[in-house]
Structure formats: structure tokens, C-alpha cells
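Work through the exercises below with the model open. Try each task before reading its solution.

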Amino acid sequence: MKFIRIAVIALFVAVASACAAGEQTDTAEAFWSEFRQAVAEEDIQKVASLTRFPFKTRGVHDAMPVVTYDKEAFVEIFPLILNTEVPRQLEEGSMTLKQSIIEKKSLGPKDFSADDQLWIGDFKFDETDEGWRLSFVYW
């Protein structure tokens, strides 16, 4: 009887965790779709509304200093970030960070680095009380 009780509790925990993960994935997918569309349309004000401030960047090496930006500075620098050329991962050549966002049509399990964090290329997104937000980029 004790074994059955433990098994039922374990099953309940597993189902509850799967439901929570499904909800998280749904909200992240909705956010990603909205974020991608704003980037594709070059709607920097919309992107800013989907960003947590202060927004942070760091160069490609962790030893480089973190730089923080308020919303006004973000609106100025984000187009530069989007136009940065990066190497393609699976083929020769390069693309802009904007292209890398537009080409990423959906999220997968590997995009989640934690329950409340997404890493998509050089971009980090955090789940906040206001929903998913862009918070950091290597740039």
C-alpha cells in the first residue's frame, strides 16, 4: 500500500511538471513569434517593449566588460546589433544577427538553458513577472 501511495505521488509530480513545462513552452513560443515579427519589421519600439532594462551586452569573450543600456540607448544600439555579421553554423558564409532571428522559426528543448531562461544564438531571454523578455546579447 505504501508503494502504491508513493507511486501515485511520483506520477502526480511528473504530470504536474510536464504541464508546467508545456505552459512555459507555450508562453515562450508566443513570445518568440512576437519578438521575431518585431525584428523582421524593424519595429525597434516593439522590441524595446519586449526587453528587460537595464539591457546588457558583453563582447564575445567573458573577460570583456558588461555594458548596460537604458531604453533610450537600447533604441539607438539595437539596429547595430541586428546588423552584426556572424558565421553560419551549418554552412559556409555569414549572416546578420537579424537573419539568425528571422530564420529561427520555432523553439526547441535545447533553447531552454533553465526553466526561466532561453538562449538563442547570442541572445538571452528571461521569463519575468511581465513575461519573457530579451535581457542580454553577446555583441
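**Exercise 1: the hairpins**

Two residues separate β7 from β8, and the two strands form a hairpin. Helices (H or I, at least four residues) and strands (E, at least two) are DSSP runs, numbered from the N terminus. This is a predicted model: local features need pLDDT of at least 70, side-chain atom pairs count only at pLDDT 80 or more, and totals for chains, interfaces and linings use all residues. Residues are numbered from 1 along each chain as its sequence is written, and side-chain values use heavy atoms, with hydrogens and water left out.

Task: Determine how many bridges join β7 to β8, and in which sense the strands run.

Solution. Step 1: apply the pairing rule, by which two strands pair if DSSP finds at least two bridges between them. Step 2: count. Six bridges join β7 to β8, and the strands run antiparallel. Step 3: check one pair. Asp126 has Arg133 in β8 as its bridge partner.

Task: Repeat this for β6 (residues 117-120) and β7 (residues 123-128).

Solution. Step 1: these strands pair over four bridges, in the antiparallel sense. Step 2: list partners in β7. Trp119 is bridged to Lys124, and Ile120 to Phe123. Step 3: inspect the turn. Two residues lie between the strands of this hairpin, and Gly121 takes a positive phi near 60°. Step 4: test burial, which means under 20% relative accessible area (exposed is over 50%, partly exposed in between; 1.4 Å probe, protein chains only). Five of the six residues of β7 are buried, so this strand is largely enclosed by the rest of the structure.

**Exercise 2: the whole sheet**

Task: Give the strand order and find the edge strands.

Solution. Step 1: the order is β2-β1-β8-β7-β6-β5, an open sheet of six strands with mixed pairing. Step 2: β2 (66-69) and β5 (112-114) are the edge strands, each pairing on one side only. Step 3: neighbouring strands are turned by 25° against each other on average, direction ignored. Axes here are lines fitted to C-alpha atoms, for helices over the stretch in contact, and angles run from 0 to 180 degrees between N-to-C directions. Step 4: examine β1. Four bridges join β1 to β8, running parallel. Four bridges also join β1 to β2, running antiparallel. Thr57 stands opposite Val137 in β8 and opposite Val67 in β2.

**Exercise 3: helix α3**

Task: Which strands does α3 (residues 71-82) lie across?

Solution. Step 1: use contact, meaning heavy atoms within 4.5 Å. α3 lies across β1 (51-58), β2, β7 and β8 (131-138), at about 50° to β1. Step 2: check the length. The expected span is 1.5 Å times one less than the number of residues. For the 12 residues of α3 this gives 16 Å, and the end C-alpha atoms are 16 Å apart, which agrees. Step 3: sort the residues. Phe74, Ile77, Phe78, Ile81 and Leu82 are buried. They fall within an arc of 140° seen down the axis, so they line one face of the helix. That arc is taken from the directions from the helix axis to the C-beta atoms. Exposed Glu72, Glu76 and Leu80 sit on the face turned away from the buried side.

**Exercise 4: backbone exceptions**

Task: What is the omega of the peptide bond from Phe53 to Pro54?

Solution. Step 1: recall that most peptide bonds are trans. Step 2: this bond is cis, with omega near 5°. Step 3: Pro54 belongs to strand β1.
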